[in-house]
Amino acid sequence: MEKVQGIGGVFLRARDPKALAAWYREHLGLPVDADQTFGALTSDGPGEMTVWAVHPTDTQYFGPGAAPFMVNYRVKNLDAMLAQLRAAGATVEEKVEDYDYGRFGWATDPEGNRFELWEPK
């Protein structure tokens, strides 16, 4: 049986695709060329986990909006990323959660999409 090996893509709707792609490039460091609306992520090392999960339709985990998805991005330094986003004027939640497998924080992009940041242990 074939098995999924990770996330093959993350696709967001946007009113201004180039502006939103530029925001993610500038504030999260995503590898998107200046004239593009897409880029490719590669793993920093073997064995890094990408989680796929199903949540109930009434979950509050995705934030207050009606988005049918939320993206989790791995980061090396959660505190630095959250500070970077705050400095850029992004909406960043104050709470940070710690677990055996890493630390988590949340923010919202300019289009209102909530995302999760994960610093693995």
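A residue counts as partly exposed when its relative accessible area lies between the limit for buried, under 20%, and the limit for exposed, over 50%. Y101, with a relative accessible area of 46%, is therefore partly exposed. The model in which this value was computed is a predicted one.

Y101 also introduces the aromatic residues of the structure, which holds 10 aromatic pairs. Among them is an edge-to-face pair formed by Y61 and W106, with 6.2 Å from centre to centre and 80° between the planes. Y61 belongs to the loop between helix 1 and strand 1, whereas W106 belongs to strand 4, and the pair thus links distant parts of the chain, 45 residues apart. The accessibility of the partners can be set side by side: Y61 is partly exposed, at 31%, and W106 is buried, at 1%. Y99 and Y101 form a stacked pair, because their ring centres are 5.3 Å apart and their planes meet at 5°. Y99 has a relative accessibility of 36% and so counts as partly exposed. Ring pairs also link W23, Y24, Y73 and F115 into a cluster. W106 has a further partner of another kind, since the charged end of K95 sits over the ring of W106, 4.8 Å from the ring centre.

The nonpolar interior may be considered next. In soluble globular proteins, nonpolar side chains tend to be buried together. The largest nonpolar core of this model has 19 residues, of which Y24, L28, Y73, L85, F115 and L117 touch the most other members. Helix 1, strand 1 (71–74), helix 2 (78–87) and strand 5 each supply at least two residues of this core. The greatest contribution, 5 residues, comes from helix 1. The surroundings of L85 can be listed in detail: leaving aside residues up to four places away in sequence, L85 touches W23, H27, L28, A90, V92, A107, F115 and L117. Apart from the largest core lies another core, of 5 residues, including F62, F104, W106 and W118.

The charged side chains give a further view of the structure. A search of the whole structure finds 7 salt bridges. One of these joins the side chains of E111 and R15, at 3.4 Å from N to O. E111 lies in the loop between strand 4 (102–108) and strand 5 (114–120), and R15 in the segment before helix 1 (17–28), so this salt bridge ties together parts that are 96 residues apart in sequence. E111 is partly exposed, with a relative accessibility of 21%, while R15 is exposed, at 69%.

A second salt bridge is formed by the side chains of E94 and R86, at 3.8 Å from N to O. Here E94 is exposed, at 66%, and R86 is partly exposed, at 35%.

In a third, the closest N and O atoms of E119 and R103 are 3.5 Å apart. This pair links distant parts of the chain, with E119 in strand 5 and R103 in strand 4, 16 residues apart. Both E119 and R103 are buried. Through shared partners, salt bridges join D79, D98, R103 and E119 into one network.

Finally, P17 lies in helix 1 and is partly exposed, with a relative accessible area of 44%. P17 and Q36 are separated by 19 residues in sequence and by 9.0 Å in space, from C-alpha to C-alpha.

Conventions. Residues numbered from 1 in each chain as written. Predicted model: local features only at pLDDT ≥ 70, side-chain atom pairs only at ≥ 80, totals over all residues. Heavy atoms only, no water. Salt bridge = Lys/Arg side-chain N within 4 Å of Asp/Glu carboxyl O. Helix = DSSP H or I, 4+ residues; strand = E, 2+ residues; numbered from the N terminus. Buried < 20%, exposed > 50% of the residue type's maximum accessible area, 1.4 Å probe, protein only. Core = buried A, V, L, I, M, F, W, Y, C linked by side-chain atoms within 4.5 Å. Contact = heavy atoms within 4.5 Å. Phe/Tyr/Trp six-rings, centres within 6.5 Å; stacked < 30°, edge-to-face > 60°. Lys NZ or Arg CZ within 6 Å of the ring centre and 35° of its normal.
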